[in-house]
Amino acid sequence: MTKAAGRIAGAVLLAFILSGCSGVQSALDPKGPAAGELARLIWFFTVLCTIIWVLVMGVVAGILLRRRQRRLHDPLRVDQDEERTISRVVISAVGATALVLVGLTLLSFFANRTLAGIGEDAVLTIRLTGHQWWWEVRYENAEPNRILTTANEIHIPAGEAVRLLLESDDVIHSFWVPSLHGKLDLVPGMVNTLTLRADRPGIYRGQCAEFCGAQHAHMATLVVAQPRAEFDAWYDEQLKSAVEPSSEEQRTGRDTFLNGPCVMCHRIQGTPAGAITGPDLTHVASRQTIAAGTLRFSRGNLAAWIADPQGIKPGSKMPVMDLDGDQLNAIVAYLESLK
Ligand code: CUA
């Protein structure tokens, strides 16, 4: 029974791997030119190394079987013919190994060159700053009133190259959206450049790939690739100031927010809240997740997060606040209206 279950699990795992782990974040499920180049490299290395491994194991097995069949002879007697054959085999094997290694190195080199060439026509520059433990996303623009700051969710136009300037303001993080590109570190004090391009519209999950502290695992990001018109509409919407509260509860929520410690860290454009230590909340309700992918955006999760951030993401910079039930509900109602 357990043997059968093991076989089934193995078959499912194999099917999952061969299908490119489609549907989850996976380097084997490329959706952009850079990831495609890397996936080709991964498969070529894997297939070639598997063939070599099978060949080597076959030769080892063959030798072991031959040795067992042969009679033991005087170990001091040297068979010149056999010695020559062994020398030839060893030299050929060393030559083949060197050739394979040089070949694979050249392949990696040319793949890197191809990656560097992608996106010289980038249409957009996004400054992505890593924080413990969230992503600050700032769309640069020559016109200062078109500069846009958001968090954790990176919207890009599908089919167009976007330049990312990677920075960090605390420790080393690593930006990795496996379906679109390989990893690149965000290092304090320097700027690394990476070009993203998604061939088709879709949502691609990414994850910080460099251990950066207690909540490293809760530092996810979503790249949302949209058709150009949809992206432009999103951009214009995000540039607007936050909507005014439309109910009494939302008004109470805004006042509680503005008179509480929330304003020490967060910004809501169009209100006096202008701090940039934490994520910009001007359009927080338009995002799919909260706390950098830790929870899906919903009224319940938002309330849970504000009530007990240290229970949900221990060590995060979001403090536990002294709010009664009504205040909590009011803040949630207000934030939920910030589409
Ligand atoms: Cu940021 Cu790991």
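Gly95 counts as partly exposed because its relative accessibility is 34%; buried means under 20% relative accessible area, exposed over 50%, and partly exposed in between (1.4 Å probe, protein chains only). This residue is found in helix H3 (residues 80-117). Helices (H or I, at least four residues) and strands (E, at least two) are DSSP runs, numbered from the N terminus. The C-alpha atoms of Gly95 and Glu237 are separated by 62 Å, and the two residues are 142 residues apart along the chain.

The model is predicted: local features need pLDDT of at least 70, side-chain atom pairs count only at pLDDT 80 or more, and totals for chains, interfaces and linings use all residues. Residues are numbered from 1 along each chain as its sequence is written, and side-chain values use heavy atoms, with hydrogens and water left out.

**Strand E10**

Strand E10 (residues 220-226) is largely enclosed by the rest of the structure, because seven of its seven residues are buried. Both faces of E10 are covered: one side carries Ala220, Leu222, Val224 and Gln226, the other Thr221, Val223 and Ala225, all of them buried. Two strands pair if DSSP finds at least two bridges between them. Strand E4 (residues 153-157) pairs with E10 in the parallel sense over five bridges, and Pro157 has Gln226 as its bridge partner in E10. With strand E9 (residues 202-207), E10 pairs in the antiparallel sense over six bridges; here Tyr204 has Val223 as its bridge partner in E10.

**Backbone features in loops**

A cis peptide bond, with omega about 0°, joins Gln132 and Trp133. Trp133 is found in the loop between strand E1 (124-131) and strand E2 (134-139). Two residues that are not glycine have a positive phi, as the table shows.

| Residue | Phi | Loop | Relative accessibility |
|---|---|---|---|
| Asn152 | about 65° | between strand E3 (148-151) and E4 | 10%, buried |
| Ala292 | about 55° | between strand E11 (289-290) and strand E12 (295-296) | 0%, buried |

**Helix H2 and a surface patch**

Ile52, Trp53, Val54, Val56, Met57, Val60 and Leu64 form a nonpolar patch on the surface, with about 640 Å² of accessible area together. Patches are made of residues with over 30% relative accessible area and no salt bridge; like charges are joined within 9 Å, and nonpolar side chains (Val, Leu, Ile, Met, Phe, Trp, Tyr) within 5 Å. A salt bridge is a side-chain nitrogen of Lys or Arg within 4 Å of a carboxyl oxygen of Asp or Glu. Accessible areas come from the Shrake-Rupley method with a 1.4 Å probe. Val54 lies in helix H2 (residues 33-69) and, at 47% relative accessibility, counts as partly exposed.
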